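Here is a brief report on side-chain pairing and strand order in one chain. Please have the viewer open while reading.

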Amino acid sequence: SMPISSRVGSTYAAGAAGQILSFDAASGKIVGRIDSKVALSGGVGTNGSVILAGTAKGEVLAQDKSGKPLWKAQLSSEVLSAPQIDQGVVVVRSGDGRIFGLDAATGARKWLYQRALPTLTVRSHAGVLVYRGGVFVGFAGGRLVALALENGNVGWEATVALPKGATELERV
């Protein structure tokens, strides 16, 4: 089982085999079932009408509530966290640390943010937080970055923690 996404009245959960279930938030009863027909790796994200999921092959799949495919987008590497959607933009973090901003209607890439990563990192399922027009992302090496949801421009960067140690392994 992967991370869940919740919207008023419904909660969604994805399984690795490709099923996405919708639960009534009040009763916990299953109210919908979608079979993506592909193995999922990154949880499920939704705005209530568009259901999003990621795959280990770096695909982002968008479907409507009935399971009808809307679009598919190819990223640079696997999707390990749930895609987020807000204000017509889908934000996805790929396994290689890149942050993609996709058009929610078509899946076309609107923007891409990437930064140099330390030589040695731990594979992470960390996602992004989308809030009030901003995208907040934590990176290996202790950096927190705020991006503009609309165009991916950097608003600010902050050091949250400083890596310590004499070797790359100690600094992880």
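The text below covers salt bridges, aromatic rings, charges over a ring, one glycine and one sheet.

The model is predicted: local features need pLDDT of at least 70, side-chain atom pairs count only at pLDDT 80 or more, and totals for chains, interfaces and linings use all residues. Residues are numbered from 1 along each chain as its sequence is written, and side-chain values use heavy atoms, with hydrogens and water left out.

**Salt bridges**

Side chains of opposite charge can pair when their charged atoms come close. The cut-off here is a side-chain nitrogen of Lys or Arg within 4 Å of a carboxyl oxygen of Asp or Glu. By this rule the model has five salt bridges. The table gives three of them, including the accessibility of one partner. Partly exposed lies between buried (under 20% relative accessible area) and exposed (over 50%), using a 1.4 Å probe and protein chains only.

| Salt bridge | Closest N to O | Relative accessibility of one partner |
|---|---|---|
| D96 and R98 | 3.2 Å | D96, 29% |
| R115 and E157 | 3.0 Å | R115, 25% |
| E157 and R143 | 3.0 Å | R143, 23% |

R98 is partly exposed at 27%. E157 is partly exposed too, at 36%.

Where do R115 and E157 lie? R115 and E157 form a salt bridge. R115 sits in the loop between β12 (109-113) and β13 (129-131), and E157 in strand β16 (residues 154-159), so this pair ties together parts 42 residues apart in sequence. Strands are DSSP runs (E, at least two residues), numbered from the N terminus.

E157 also meets R143 in a salt bridge. R143 is in strand β15 (residues 143-148), so that pair joins parts 14 residues apart in sequence. Through shared partners, R115, R143 and E157 form one network.

**Aromatic pairs**

A pair of aromatic rings is described by the distance of the centres and the angle of the planes. Rings of Phe, Tyr and Trp (its six-membered ring) pair if their centres lie within 6.5 Å; planes under 30 degrees apart are stacked, over 60 edge-to-face, the rest tilted. Two aromatic pairs result.

The ring centres of Y113 and F139 are 5.9 Å apart and the planes stand at 55°, so the pair is tilted. Y113 is in strand β12 and F139 in strand β14, so parts 26 residues apart in sequence are tied together. Y113 is buried at 10%. F139 is buried at 6%.

F136 and W156 have ring centres 6.1 Å apart and planes at 45°, so this pair is tilted. F136 lies in strand β14 and W156 in strand β16, 20 residues apart. F136 is partly exposed at 25%. W156 is partly exposed at 39%.

**Charges over F139**

A charge sits over a ring if NZ of Lys or CZ of Arg is within 6 Å of the ring centre and within 35 degrees of the ring normal. R93 lies over the face of F139 at 4.9 Å from the ring centre. R115 lies over the face of F139 at 5.6 Å.

**G138**

G138 belongs to strand β14 (residues 134-139). G138 is partly exposed at 36%. Its contacts (heavy atoms within 4.5 Å) are R93, R143 and L144, leaving out residues up to four places away in sequence.

**The four-strand sheet**

An open sheet runs β9-β10-β11-β12 with antiparallel pairing. Strands pair if DSSP finds at least two bridges between them. β9 (84-86) and β12 are the edges, each with a single partner strand, so one side of each has no neighbour in the sheet.
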